[in-house]
Amino acid sequence: MKKIAFLLCLIMLAACNSTTNLSGFVDPNYRGNYQTKNILVMGFGIPIDEQKALESTLKQSLVNYDVQVIQGLEVFPPTRDFSETDIFQIANSKGADSLLIVSVDDRDVTETYSNPVYIPGNSTSYVSGFGNSLTVKTYTSPGYTIGGGTIRKPHMSISVYLINIKNQETIWTAEGISRGNKYASFYDLTVSVAKTTVEELSKEGLI
């Protein structure tokens, strides 16, 4: 039973497919001559569980590039209010050189209805007998329907900013869309956003 449950979990994980596309731009003053080494990451516009997933995934991905990561929830608890000035002061006091902000601007679910497909039953007849007496027996399997119903696919638009802590200049900005299939949740999309963000930072030479 444990093996079956494990296989089912693997199948579900494989089925939860989500993709994120980002288009970004590096400020000319930073292009080719800036790499962040100590970064504070923050998520906005998402529930706390998704913010945890975003920030922890960013941390797990960024450490592969020898980048020290401070998670926003660790220094900016949602039980308190922080001004923009507070954020930069605290980030600077923690030794961060950059602030990475991932903001979800809009999120929704696309619903598509598909009609079920009816599969008719099959009839099979058997003839048996002796002499002039014949017997015909017919067996019919019932018909059934497959598919149908409403398919829900999540999607969200995002904006990403990498900001210099010292002078509060935007180093890199990007925007894009994350989409999932019918098995994906917004949690899955959030993880995809985090991984894609790190990939784009690497491509731009910022990490």
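These legends walk through several close-up views of one predicted protein model.

The model is predicted, so local features are given at pLDDT of at least 70 and side-chain atom pairs at pLDDT 80 or more, while totals for chains, interfaces and linings use all residues. Residues are numbered from 1 along each chain as its sequence is written, and side-chain values use heavy atoms, with hydrogens and water left out.

**View 1. The whole protein, with its 5 helices and 10 strands.**
Helices (H or I, at least four residues) and strands (E, at least two) are DSSP runs, numbered from the N terminus. Of the 207 residues, 35% count as buried; here buried means under 20% relative accessible area, exposed over 50%, and partly exposed in between, with a 1.4 Å probe and protein chains only. The accessible surface comes to about 12,800 Å², and 52% of that belongs to carbon and sulfur atoms. Such areas come from the Shrake-Rupley method with a 1.4 Å probe, and for residues only the protein chains shown count as cover. Among contacts (heavy atoms within 4.5 Å) with a separation of 6 or more, 75% are between residues 24 or more positions apart.

**View 2. R107 meets both a carboxylate and a ring.**
Side chains of opposite charge can pair when their charged atoms come close. A salt bridge is counted when a side-chain nitrogen of Lys or Arg is within 4 Å of a carboxyl oxygen of Asp or Glu, and by this rule there are 3 salt bridges. One of them joins R107 to E50, at 2.8 Å from N to O. This pair links distant parts of the chain, with R107 in strand β4 (residues 98–114) and E50 in helix α2, 57 residues apart. R107 is partly exposed at 27% relative accessible area, whereas E50 is buried at 6%. Look also for F186: R107 lies over the face of its ring, 4.1 Å from the ring centre. A charge sits over a ring if NZ of Lys or CZ of Arg is within 6 Å of the ring centre and within 35 degrees of the ring normal.

**View 3. Two further salt bridges, E111 with R152 and K203 with E200.**
The closest N and O atoms of E111 and R152 are 3.2 Å apart. This bridge also links distant parts of the chain, from E111 in strand β4 to R152 in strand β9, 41 residues away. E111 is exposed at 52%, and R152 is partly exposed at 45%. In the bridge between K203 and E200, the closest N and O atoms are 3.5 Å apart. These two residues are separated by about one helical turn because they are 3 residues apart in helix α5 (residues 186–203). K203 is exposed, with 65% relative accessibility, while E200 is buried at 15%.

**View 4. M156 and its surroundings in strand β9.**
M156 lies in strand β9 (residues 149–164) and counts as buried at 2% relative accessibility. Leaving aside neighbours within four places in sequence, the contacts of M156 include V104, R107, I177, F186, L189 and V193. The C-alpha atoms of M156 and R179 are 6.7 Å apart, with their positions 23 residues apart in sequence.

**View 5. Two aromatic pairs.**
A pair of aromatic rings is described by the distance of the centres and the angle of the planes. Rings of Phe, Tyr and Trp (its six-membered ring) pair if their centres lie within 6.5 Å; planes under 30 degrees apart count as stacked, over 60 as edge-to-face and the rest as tilted. The count by this rule is 2. Y30 and Y34 are edge-to-face, 5.5 Å from centre to centre with 90° between the planes. Both tyrosines are buried, Y30 at 8% and Y34 at 14%. F76 and F82 also form an edge-to-face pair, with centres 5.1 Å apart and planes at 75°. F76 is buried at 7%, but F82 is partly exposed at 27%.

**View 6. Two loop residues with positive phi, D66 and Q168.**
D66 is not a glycine, yet has a positive phi of about 60°. You will find D66 in the loop between α2 (48–62) and β3 (68–71), where this residue is exposed at 63%. Q168, also a residue other than glycine, has a phi near 60°. Q168 sits in the loop between β9 and β10 (170–180) and counts as partly exposed at 43%.
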